[in-house]
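Trainee: I would like to go through the ligand site and the ring contacts. Can we start with the model itself?

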Amino acid sequence: MKILMVCLGNICRSPLAEGIMKAKVPESYIVDSAGTISMHEGEHPDKRAIKTAANHGIDISKQKSRPITKADFDTFDKIYCMDIDVYEDVISKASNEEQRLKISLFLEAAGNHKNAEVPDPYWGDLKDFEEVFQLLDTGCNIIKNQLISATTQRKN
Ligand code: 4NP
């Protein structure tokens, strides 16, 4: 199973989602993240994202921002978008229906009916990053269980 988390800059939300999901899934799973813009390409995650993850025992400091590529739509099985703008942008970059079927809004996939979007904490403070962490952590637990039960069912 190959999972791609996508946000705008790939320095706040999707690096956290990548780190959190990696900590939950079996080692055979591939988890990566990307942004829809290349403005922060090559940069490590935002210091506040690194600190928030570290507070929960997760090291995301070595990740580097990269923009989503055409190849990602073939490489990954699931592409989770952090908000609606990102979702629409990612959908518009897909080449065919098979690729579009891989794409979903992260919180919608996680069955969160209260929020559709993971709020962008970039202009906020550490408290906003912690709130994002909690949303992502809860969502990743639900999505991980879905993915694992789907793969187990296929094997049986
Ligand atoms: P992210 O947050 O999409 O969660 O990585 C942002 C990062 C950078 C910017 C906006 C949001 N920016 O405008 O540079």
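Trainee: Which residues surround the ligand?

Mentor: This is a predicted model, where local features need pLDDT of at least 70, side-chain atom pairs count only at pLDDT 80 or more, and totals for chains, interfaces and linings use all residues. Residues are numbered from 1 along each chain as its sequence is written, and side-chain values use heavy atoms, with hydrogens and water left out. A residue counts as near the ligand if one of its heavy atoms lies within 4 Å of it. The ligand is surrounded by C7, L8, G9, N10, I11, C12, R13, M39, H40, D120 and Y122.

Trainee: How many nonpolar, polar and charged residues does the shell around the ligand have?

Mentor: Ala, Val, Leu, Ile, Met, Phe, Trp, Tyr, Cys and Pro count as nonpolar, Asp, Glu, Lys and Arg as charged, and the others, Gly among them, as polar. By that scheme the shell has 6 nonpolar, 3 polar and 2 charged residues.

Trainee: How far from an oxygen atom of the ligand does a polar side-chain atom of R13 lie?

Mentor: For D120, a polar side-chain atom lies 3.2 Å from a ligand oxygen. For I11, a backbone N or O atom lies 3.0 Å from one. For R13, the distance from a polar side-chain atom to a ligand oxygen is 2.8 Å.

Trainee: Why does the pair of Y80 and F106 tie together parts that are 26 residues apart in sequence?

Mentor: Y80 and F106 form an aromatic pair (ring centres within 6.5 Å). Their centres are 6.3 Å apart with 85 degrees between the planes, which is edge-to-face (over 60 degrees). The pair ties those parts together because F106 lies in helix α6 (residues 106-109) and Y80 in strand β3 (residues 78-81), helices (H or I, at least four residues) and strands (E, at least two) being DSSP runs numbered from the N terminus.

Conventions
Polar contact = N/O pair within 3.5 Å; in protein donor to acceptor, adjacent residues only side chain to side chain. Phe/Tyr/Trp six-rings, centres within 6.5 Å; stacked < 30°, edge-to-face > 60°.
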